[in-house]
Each structure stands twice: as structure tokens, then as C-alpha cells.
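Work through the exercises below with the structure open. Each task is followed by a solution in steps.

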Number of protein chains: 2
Amino acid sequence: MTDASANAHPSRRDMLLAAGGLSLLAAATTATAQVPFEPPVPPTGEKKRLGMVLFDGFQLLDVFGPLEMFSHVRDRVEIVLIAQKAGPVKSAAGPVTLADFGFADAPKLDIVMIPGGGGTRREVNNADFVAGFRALAQATPQVVAICTGSAVLARTGLIDGVRATTNKMSWKWATGQGAKVLWVPRARWVEDGKFISSSGISAGTDMALALIARLYGKDMAQWVANRAEYRWHDDPADDPFARINGLVD
Amino acid sequence: MTDASANAHPSRRDMLLAAGGLSLLAAATTATAQVPFEPPVPPTGEKKRLGMVLFDGFQLLDVFGPLEMFSHVRDRVEIVLIAQKAGPVKSAAGPVTLADFGFADAPKLDIVMIPGGGGTRREVNNADFVAGFRALAQATPQVVAICTGSAVLARTGLIDGVRATTNKMSWKWATGQGAKVLWVPRARWVEDGKFISSSGISAGTDMALALIARLYGKDMAQWVANRAEYRWHDDPADDPFARINGLVD
């Protein structure tokens with residue numbers, strides 16, 4: 001939550017108005033325009049339910065970067081956390097988050113997201129987890145994989161023949177989980193049909209803003225980024241980490 | 001966790017080696033150098049304990065952006081979560097995280113961090129919370145405030161006469177919590193003595209990398225950023241959000 005009245009100093013606009021400097025006002029307005037408290041174009045339509053899937057060893061920022069961005073879509077997105085069973089789930093870094101639902105009792109979702117993290121190494125071989133996530137992904141109109149979450153999504157078979165990307169440091173292992181997936185080595189994120197997948201960790205945050213732009217308009221996404229004081233990298237092809245990790249020249 | 005063996009495609013280096021193209025190898029090595037699995041300069045010294053303070057209504061990315069970055073400092077940083085009382089703490093966005101300790105039984109820390117979020121509006125007027133956090137901050141050699149966490153830190157009185165910054169949208173309210181603090185309107189983050197404070201939400205992640213650079217060297221910070229596929233904005237004076245929010249021309 002942030003204040004609408006956000007200025008301890010008189011703004012340049014206020015000073016110009018006080019001085020009657022109306023001829024300079026148009027130019028000054030751009031320089032001092034504040035991020036408004038409510039979005040310039042309020043989100044419309046049905047409220048959406050976003051389910052983030054957790055498992056022991058999930059990567060913190062894979063989960064909480066995208067959720068941070070969606071949380072700014074004012075009162076239009078309900079966030080729920082889902083794991084194989086409801087209850088405490090330990091991240092790769094240590095902190096424990098509570099899953100609200102298990103796969104068996106998860107509510108109907110509009111968007112489902114799966115993060116990466118060391119725990120994916122175990123979950124790709126956990127048939128119950130893969131089946132539970134597969135059912136959720138089949139029933140949900142928008143499926144999002146972050147980082148090595150793409151490896152788990154690949155194991156469901158749902159993205160055979162679909163374009164996708166994943167973490168650039170774990171490329172060999174992750175892409176090995178889906179021989180029929182059309183893996184894209186240089187991409188911050190990839191959209192193909194109802195699936196979106198992002199590259200490693202921080203890429204999920206840029207992708208989340210791209211999804212907000214598609215659902216609510218680009219002005220809404222930029223407003224969210226400004227509220228979060230986040231510099232959004234909005235070009236999915238701009239991926240320096242493919243080169244840093246030797247996947248492309 | 002990411003793979004050390006991260007390349008599904010033969011690297012340019014491998015192809016050059018196979019072709020015996022040794023004269024081109026030096027140039028090619030730079031272009032295809034991978035992020036190594038272990039940091040080029042391993043962290044040394046005592047293991048550090050980082051305590052993140054939680055309260056109902058904390059901002060997700062304020063907490064988990066910095067913790068994500070510190071979690072990559074291999075086996076040298078222990079992360080603990082501390083609240084007024086141990087147990088579940090609900091974020092502003094909804095997800096619940098478990099605090100490991102209450103203020104009364106918190107272990108000795110090397111670094112303490114306090115995030116922002118809507119809950120700061122309540123906690124600045126919660127004398128027990130302010131006193132508990134004050135005692136923790138006094139006993140800890142490195143104190144870090146993220147976003148409107150600076151407002152709570154200001155209420156302790158510990159940063160009277162100290163340079164600090166805070167969220168740019170909530171500037172008026174947050175700076176109003178500490179009339180004697182030397183507030184800096186244009187700064188991604190500000191370091192002064194044992195205190196570091198960052199601007200809104202995402203700025204905490206850039207600041208965390210700056211603290212990693214101070215503690216473990218800039219190469220370590222850049223290695224962490226590359227592992228997290230994060231574009232680190234490493235200049236504390238580079239703050240476009242001060243202008244977007246009308247605090248500076």
C-alpha cells in the first residue's frame with residue numbers, strides 16, 4: 001500500500017501554478033507526473049484467480065516476483081498457493097510458505113504458475129506431483145512456467161510440439177525433460193498458445209508484466225512496474241543470459 | 001540449484017577445440033564464458049546470519065528479492081525470519097510465510113532487514129513492535145531498511161541525523177515518521193554508517209547486491225546477479241522513480 005499524497009516537496013507544477021507560469025505548464029507536467037494511486041485504465045471483467053504451485057525447494061524469486069506484480073492489479077486478482085498437499089512448504093533458501101490447497105482440493109483457476117528451484121530435480125520423478133500438476137494445467141486456460149518449472153511442465157507432455165524456454169544455467173538438464181518440446185535458447189520468455197515460459201529466476205518478473213499487459217493493457221503493466229519501482233525489460237527477445245551461459249554466440 | 005553442465009548445444013568453444021581453432025580460442029572464450037557453478041572468488045570468513053523482520057501486510061518482493069540474492073552466497077549466509085511473535089505472517093498480497101522467531105527469542109544476527117508494505121502504517125504506532133525492532137537493530141552491526149521499512153526504522157530514533165531514503169510514492173507519509181532523518185529524495189539506496197535504506201519495493205534487490213558486493217566483493221555480486229538472470233542496477237544514484245513521482249525535476 002502506498003500513499004496517494006506522495007510529495008513532501010512542492011512539485012514543479014505547484015510552483016509554476018503559484019507563479020502563474022501557465023505557458024510552461026504543459027512541458028512541466030510530463031517531468032513531474034506522479035504515478036497515480038489507482039491505475040489510469042482500471043482493470044475490468046471478471047476477477048481472476050491465480051494459483052502458484054509450490055514444492056519443497058522452490059526458488060523464492062520465481063514465486064514472489066510474479067506474485068508481487070499481479071498483486072498490484074487492484075482487487076482484480078486473487079492469489080492462492082497450491083502444493084501436492086496443503087500446509088508448510090520450504091523454499092530452496094529456507095523460508096517456509098503455507099500452501100492454501102492441495103492438488104486434490106484446488107479451486108478452479110484462471111492462471112496457474114509453476115516456479116523452478118532445486119526441488120524440480122525431485123518433482124520431475126514424482127509421478128503423483130506431475131499428474132496433479134498436469135490435471136491443474138489441463139483445466140486452466142493460462143499456464144505459466146518460470147525457470148526450471150518448465151522442466152516439470154515438459155514432463156506432463158502438455159508442451160510437446162510447443163515453443164518454450166527455461167533457465168539458461170540449467171539448460172541441459174531442463175531441456176532433457178522434454179525431447180519433443182521446441183526449446184528456444186535465446187528468449188527472456190516465450191508465449192505459445194495457452195503456455196508462457198520464462199528463462200531463469202528474475203525473468204519470471206518481466207514475463208508476469210507481459211502477461212499483465214496482455215490481460216489488462218500495456219499501460220496497466222507499466223503502471224504496475226512504476227508502482228513497484230521496477231525497470232521492466234519488456235522485450236522477450238532481449239536475453240543477455242543466453243550468451244553469458246554459452247547457449248548462443 | 002542449477003546445473004554446472006549447462007549446455008545442450010555444443011558451445012562455440014567446444015567446436016573450436018574440435019576444429020583445432022586454437023588461435024581463435026581466446027576471443028571465443030569471452031563470448032561463451034558460462035556462469036560457473038561456484039563463485040570465481042569463494043566467500044570467506046565467518047558464516048553470517050541474516051534476519052528478515054516480518055509483520056502482517058509486508059510487501060512480498062521487499063522480503064524475497066533481497067533474500068533470493070543472499071541465498072546464492074553459497075553456504076555462507078543463514079536466513080532466519082523474525083516477527084513480533086513466531087508463526088504465520090500474512091503478506092499484503094495474501095501469501096502467508098512462517099516466522100522462525102519472535103523478537104524475544106531472536107538469535108544474534110549479523111544483518112537485520114525490515115521490509116515495507118501496507119502493514120508499516122500500523123506498526124509505526126505499535127510501541128511493542130517498534131521497541132522490539134529497535135533492540136534488534138541496536139544489537140546488529142548491519143541494519144537494512146527496504147521501501148517503507150525506513151519509516152519503521154525512523155520511528156526507532158536510531159537514524160536521527162543519518163542519511164536515508166524510502167519509497168518514492170509513499171514519500172510524504174514515510175518521511176513524516178522521522179523529522180530528524182536526513183532524507184535523500186533521489187537515490188536507489190543510501191548507505192550511512194551501519195544503516196542502508198532503499199527506495200520502493202524492487203530497489204531492495206539492487207541494494208542487496210550492493211551489500212553483497214561490500215561484504216564479498218563486486219565479482220561475487222555480479223556472479224549472483226548472473227545466476228539469478230538479474231540485471232543489476234549497480235549505481236545508487238540512478239533513480240528514475242524520484243522523477244516519475246515528482247520528487248525531483
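The model is predicted.

**Exercise 1.** State which residue follows H9(A) and give its phi.

Solution. Glu229(A) comes after H9(A), and its phi is positive, near 50°.

**Exercise 2.** Decide why helix H9 of chain A counts as largely enclosed by the rest of the structure.

Solution.
Step 1. Take residues 218–227, the 10 residues of H9 in chain A.
Step 2. Apply the cut-off for buried, under 20% relative accessible area.
Step 3. The buried residues are Met220(A), Ala221(A), Trp223(A), Val224(A), Ala225(A), Asn226(A) and Arg227(A).
Step 4. Seven of the 10 residues are buried, so the helix is largely enclosed by the rest of the structure.

**Exercise 3.** Find what the buried residues of H9(A) pack against.

Solution.
Step 1. Within chain A, the partners are helix H3 (60–71) and helix H8 (203–216).
Step 2. Chain B adds helix H10 (240–244).

**Exercise 4.** Work out how chain B is related to chain A.

Solution.
Step 1. A turn of 180° with a shift of 0.0 Å along the axis lays chain B on chain A, with an RMSD of 0.0 Å.
Step 2. The two copies are therefore related as by a two-fold rotation axis.
Step 3. In chain B, Thr97(B) has the C-alpha nearest the axis, 2.2 Å from it.
Step 4. Both copies use the same surface, since 99% of the contact residues of chain B recur in chain A.

**Exercise 5.** Describe chain A as a whole: how many helices and strands does it have, and what percentage of its residues count as buried?

Solution.
Step 1. Chain A has 10 helices and 11 strands.
Step 2. Of its 249 residues, 61% count as buried.
Step 3. About 9300 Å² of chain A is exposed, and carbon and sulfur atoms supply 53% of that area.

Conventions:
Residues numbered from 1 in each chain as written. Chains lettered and ligands numbered in written order. Predicted model: local features only at pLDDT ≥ 70, side-chain atom pairs only at ≥ 80, totals over all residues. Heavy atoms only, no water. Helix = DSSP H or I, 4+ residues; strand = E, 2+ residues; numbered from the N terminus. Buried < 20%, exposed > 50% of the residue type's maximum accessible area, 1.4 Å probe, protein only. Areas by Shrake-Rupley, 256 points an atom, 1.4 Å probe, with all protein chains shown as cover. Least-squares fit on C-alpha atoms with pLDDT ≥ 70 in both. Contact = heavy atoms within 4.5 Å.
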